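Open your viewer, get comfortable, and follow along stop by stop. Each stop tells you what to select next and what you will find there.

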Amino acid sequence: MLNTYQDLRRATLADVRAEIRAGRYAKHTAGLGAGYLQANLAIMREAAALDFMRYCQRNPKPCPLVGVSDTGNPMMTTLGDVDIRTDVPAYNIYRDGKLAGTATDIVDLWEDDFVAFALGCSFTFETALIDAGIPLWHIDNDTTVPMYRSGIETVPAGPFGGRMVVSMRAIDADQVDRARDIAARFPLAHGKPVHHGPPEEIGIKDVSRPDWGDPAPVPKGQVPVFWACGVTPQVALERAGLDLCITHKPGHMLITDVAEDAEVPVLGNGTPAIKTTESQTGSNP
């Protein structure tokens, strides 16, 4: 048994997933499963699924779609050995557009007409930032990254719409361009930030008071950098007012078997997802 966050940071993906699946770990996943794509979650009835897929297609920055389940099947095999009912540390449960509770598994809530969507998460590229010498306060301090409702409107589809949610990381001023270039290599995980600098410019009045996650300081010499965030669908789901839908609890992500730098996030027949390596991008067609 792995008892602490620091233990899990050093553990294999299989061990991390086993702890989550067994309900022994129910905290944030930042810094866990290094090398693998992390994903946000949205589950709803099939009747709403096509409109939600349209919403993701129209808003690829906050909603980079990386997986969709078959109707009624909780095993998201295109993402690996994933049981969507148990493999997220904590879930939010919405009824009629209102947050009604949280759970560490949704086995008893799963229904035959449910469709699950997995959307790439910015936690995926954090290992690359750290490896490049860019520290991340929330990982060093075992907290959840701060997230905010911005003033940036998304493109609606059916009942889904609303403002974009963004996550914030304070970056040394002379490292902002480097952080942006590193994140750009991960388009399935929101890619480049949507803004850096004064938070008021994107409708955030007080950066010390996030809507989700934990506060994080922005010391002198650092710049707040904002990425599109996969909590955006939770705002859209609130607006849609569906009778029942389920998401991840912000910061508590699904860690897939897909490589963090995959170009195509689909696993099948034991074949790994395509990676965007230099040997591939530089090869002849």
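## First stop: a glycine and its neighbours

Select Gly162 and, leaving aside residues up to four places away in sequence, you will find that it touches Tyr55, Ile152, Glu153, Thr154 and Arg239. Before going on, please keep in mind that this is a predicted model. Gly162 sits in the loop between strand 6 (147-153) and strand 7 (163-172). Is Gly162 buried or exposed? With a relative accessible area of 13%, Gly162 is buried, because buried means under 20%.

Now add Ala240 to your selection. Along the chain, Gly162 and Ala240 are 78 residues apart, and their C-alpha atoms are separated by 9.6 Å.

## Second stop: the sheet around the loop

Next, select the two strands on either side of that loop. Strand 6 and strand 7 pair in the antiparallel sense, over 4 bridges. To see one of the pairings, pick Tyr148, whose bridge partner in strand 7 is Val166.

Widen the view to take in the whole sheet. It is an open sheet of 4 strands, in the order 6-7-9-8, with antiparallel pairing. Which strands stand at the edges? They are strand 6 and strand 8 (195-196), and each has a single partner strand, so one side of each is left without a neighbour in the sheet.

## Third stop: two domains

Colour the chain by domain. The domain assignment gives domain 1 (36-121 + 240-259) and domain 2 (123-232). The C-alpha centres of domain 1 and domain 2 lie 21 Å apart. How many residues of each domain are in contact with the other? For domain 1 the count is 24 residues, in contact with 27 residues of domain 2.

## Fourth stop: helix 7 and what follows

Select helix 7 (residues 232-240), which is mostly covered: 7 of its 9 residues are buried. The buried residues in helix 7 are Thr232, Pro233, Gln234, Val235, Ala236, Leu237 and Ala240. You met Ala240 at the first stop, where its C-alpha atom was 9.6 Å from that of Gly162. Step one residue past the helix and you reach Gly241, whose phi is positive, near 65°.

Continue to strand 11 (residues 254-259). Strand 11 is mostly covered too, with 5 of its 6 residues buried. Its pairing with strand 1 (residues 36-45) is antiparallel and runs over 3 bridges. Show Gln38 and you can look across to Ile255 in strand 11, which stands opposite.

## Fifth stop: salt bridges

Turn on the side chains for this part. How many salt bridges does the structure hold? There are 16, and a few make good viewing.

Begin with Arg24 and Glu19, whose side chains meet in a salt bridge at 3.0 Å, N to O. The two partners differ in cover: Arg24 is partly exposed, with a relative accessible area of 44%, whereas Glu19 is buried, at 5%.

Then select Arg21 and Asp81, which form a salt bridge with the closest N and O atoms 3.8 Å apart. This pair links distant parts of the chain, with the two positions 60 residues apart: Arg21 is in helix 2 (residues 13-21), and Asp81 is in the loop between strand 2 (65-68) and strand 3 (91-95). Arg21 is partly exposed, with a relative accessible area of 35%, and Asp81 also counts as partly exposed, at 44%.

For a pair with consecutive numbers, try Arg180 and Asp181. Their closest N and O atoms are 4.0 Å apart, in another salt bridge. Arg180 is partly exposed, with a relative accessible area of 28%, and Asp181 is partly exposed as well, at 46%.

Finish this stop by selecting Arg45, Glu111, Asp113 and Asp243 together, since these residues are linked in a network of salt bridges.

## Last stop: a nonpolar patch

Switch to a surface view and select Leu50, Met53 and Val68. These residues form a nonpolar patch on the surface, with about 230 Å² of accessible area together. Where is Leu50 placed? Leu50 belongs to helix 3 (residues 46-58), and at 49% relative accessibility it counts as partly exposed, because exposed means over 50%.

Key. Residues are numbered from 1 along each chain as its sequence is written. This is a predicted model: local features need pLDDT of at least 70, side-chain atom pairs count only at pLDDT 80 or more; totals for chains, interfaces and linings use all residues. Side-chain values use heavy atoms; hydrogens and water are left out. Buried means under 20% relative accessible area, exposed over 50%, partly exposed in between (1.4 Å probe, protein chains only). Patches are made of residues with over 30% relative accessible area and no salt bridge: like charges are joined within 9 Å, nonpolar side chains (Val, Leu, Ile, Met, Phe, Trp, Tyr) within 5 Å. Accessible areas come from the Shrake-Rupley method with a 1.4 Å probe; for residues, only the protein chains shown count as cover. Two strands pair if DSSP finds at least two bridges between them. Domain bounds come from an automatic or database domain assignment. Contact means heavy atoms within 4.5 Å.
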